[in-house]
Amino acid sequence: MIIEVLSPSTRRHDEGITLNEYRALAGVDTIALIDPDADRIRVLQRTGPEAWADRTFTEPADLALPSLNVTILHAEIFARD
């Protein structure tokens with residue numbers, strides 16, 4: 001499980017090169033990219049050795065992590081102090 005919080009200065013790199021590096025790690029089954037500027041969550045889940053399901057949530061959604069039996073609430077992910 002990898003959770004990456006995107007920043008404006010590294011977003012393109014993280015959504016391209018870094019994401020491909022994460023997907024190449026055999027032990028990773030879930031990758032979540034959190035975009036705090038857009039309140040958006042993108043979740044990639046491994047469905048096979050080289051296959052991934054890729055879902056983007058643009059409306060408020062909780063982050064379900066079935067492999068950890070945990071759900072992180074949208075309000076907690078995007079809480080502003």
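How many bridges join strand β2 to strand β3, and do the two strands run parallel or antiparallel? In this predicted model, strand β2, which covers residues 30-35, is joined to strand β3, residues 40-46, by six bridges, and the two run antiparallel. A second pairing continues from β3, since six bridges also join β3 to strand β4, residues 52-57, again in an antiparallel arrangement.

The two pairings can be set side by side.

| Strands | Bridges | Residues between the strands | Residues standing opposite |
|---|---|---|---|
| β2 and β3 | six bridges | four residues | Asp35 and Arg40 |
| β3 and β4 | six bridges | five residues | Gln45 and Ala53 |

Both pairs are hairpins: in the hairpin of β2 and β3, Asp39 takes a positive phi near 50°, while β3 and β4 form a hairpin of their own.

The strands also take part in the nonpolar interior. The largest nonpolar core has nine residues, namely Ile2, Leu6, Leu19, Tyr22, Val28, Ile31, Leu33, Leu44 and Trp52. Helix α1, residues 11-23, and strand β2 each supply at least two residues of this core. A second, separate core has seven residues, among them Ala32, Val43, Leu63 and Leu65. As background, nonpolar side chains tend to be buried together in soluble globular proteins.

Leu33, a member of the largest core, offers a closer view of these surroundings. Leaving aside neighbours within four places in sequence, Leu33 is in contact with Glu4, Leu6, Glu15 and Leu19, and also with Arg40, Ile41 and Arg42. Of these partners, Leu6 and Leu19 also belong to the largest core, and Arg40 is the residue that stands opposite Asp35.

Terms used
Residues are numbered from 1 along each chain as its sequence is written. This is a predicted model: local features need pLDDT of at least 70, side-chain atom pairs count only at pLDDT 80 or more; totals for chains, interfaces and linings use all residues. Side-chain values use heavy atoms; hydrogens and water are left out. Two strands pair if DSSP finds at least two bridges between them. A nonpolar core is a set of buried Ala, Val, Leu, Ile, Met, Phe, Trp, Tyr and Cys residues joined through side-chain atoms within 4.5 Å. Buried means under 20% relative accessible area, exposed over 50%, partly exposed in between (1.4 Å probe, protein chains only). Contact means heavy atoms within 4.5 Å.
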